[in-house]
Amino acid sequence: MAINPPVRFDPAVETVQPDEAEVIGQLNESFQSILDTTSQDYGHAVRAVHAKAHGIAKGTLTVAEGLPPELAQGLFAAPGRYEAIIRLSTNPGDILDDSIGLPRGLALKVIGVEGERLPGSEGDTTQDFIMVNAPVFAAPDAKAFSKNLKLLAGTTDKAEGGKKLLSGVLRAFEATLEAVGLESATLKQMGGAANVHPLGETYFSQTPFRYGDHVAKFQLAPVSPALTRLTGDIVSTTDRPDALREVVREVLIEQGGTWELRVQLNRDLDTMPVEDPTKEWKQEDSPFQTVATLDVPPQLSWEHGGSDAVDDALSYSIWHGIAAHRPLGNVNRARKDTYAHSAEYRGQFNGCPIHQPAALADLP
């Protein structure tokens with residue numbers, strides 16, 4: 001079967017909704033509710049989403065040589081090596097026991113990237129990628145995303161014991177669905193995700209981005225044996241509230257890891273829509289192609305006290321980056337102000353304004 005040529009980027013690939021400003025205001029209200037609740041509980045501000053980190057690790061992103069023109073775009077236009085740092089997490093805005101099964105997240109910050117900057121990131125040299133261990137987003141647009149977040153905001157700081165029980169029930173439902181070839185992003189968001197090892201997972205941007213002359217989604221896939229042997233591995237969390245930090249630390253301190261950063265080019269706007277991130281772009285229509293390799297040498301990925309300081313100093317946003325990788329679509333547009341609001345709140349509450357690092361040496 002012939003594969004279509006990649007779609008050329010044009011501003012017309014996006015369709016701006018008339019009520020986007022109102023919806024973004026609602027999202028900010030939910031973020032504010034979560035931030036106010038958790039900061040008062042902990043005496044310290046944490047992220048409104050993906051609050052709990054399971055590991056932070058420094059490495060090097062190497063852009064491949066000899067990429068074809070359609071892949072040699074933006075950050076990947078020329079071979080090169082960049083300092084990078086990853087953060088592994090789960091999605092709620094409160095710090096929960098790891099026995100509650102939730103989607104895994106991985107944020108990648110690449111440092112030293114030159115080029116025209118996105119609005120709000122002028123003067124920086126970072127390029128952020130935020131990914132989750134599923135190919136599609138849980139909501140078709142910002143309005144639905146806002147409704148989901150409002151539900152999550154209402155459960156923040158509520159009965160962790162009840163969340164554990166509910167998580168067990170939802171995981172059983174989700175396992176039943178997956179046994180017959182189905183799955184539910186909603187069940188996973190509410191605690192029904194399998195407690196898989198974060199280092200064995202493949203992570204997806206879920207939403208689309210400009211890719212220089214084209215439009216694409218991103219994927220980060222484990223490739224070193226230390227990581228691939230963990231794919232599908234279920235972590236025992238019984239009486240281990242921080243089990244994920246423990247298992248990530250065990251692997252990274254001994255062996256480190258290697259991932260491939262891959263790109264899926266949009267080749268048909270009808271079957272690969274920009275404005276609905278719940279629609280999976282099929283790999284038979286456009287396979288993911290490797291454009292760079294992320295190498296993380298053996299290191300301590302979490303140390304109480306030291307890692308908390310690094311975590312506080314970091315903020316990730318898909319709008320930290322260059323114009324060649326501009327986030328596209330309604331959901332991505334809604335994430336710009338909300339993520340900035342969360343980072344600004346943390347900086348003010350904790351008395352430590354957040355700045356983008358110019359080098360890994362800038363971090364605590």
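Let me start with Asp239, which sits in the loop between α5 (225–228) and α6 (243–254), where helices (H or I, at least four residues) and strands (E, at least two) are DSSP runs numbered from the N terminus. What we have here is a predicted model, in which local features need pLDDT of at least 70, side-chain atom pairs count only at pLDDT 80 or more, and totals for chains, interfaces and linings use all residues. Residues are numbered from 1 along each chain as its sequence is written, and side-chain values use heavy atoms, with hydrogens and water left out.

Back to that loop: the phi of Asp239 is near 55 degrees, a positive value in a residue other than glycine, and with 75% relative accessibility Asp239 counts as exposed, a word that stands for over 50% relative accessible area, while buried stands for under 20% and partly exposed for what lies in between (1.4 Å probe, protein chains only).

Now please look at Gln206, which is found in the loop between β5 (203–204) and β6 (209–211). Gln206 is not a glycine, and its phi is positive, near 70 degrees; is Gln206 buried or exposed? At 7% relative accessibility, Gln206 counts as buried.

Turning to the protein as a whole, there are eight helices and nine strands, and of its 364 residues, 53% are buried. If we take the contacts (heavy atoms within 4.5 Å) with a separation of 6 or more, residues 24 or more positions apart account for 79% of them. Finally, the accessible surface, computed by the Shrake-Rupley method with a 1.4 Å probe, comes to about 15300 Å², and carbon and sulfur atoms hold 53% of that surface.
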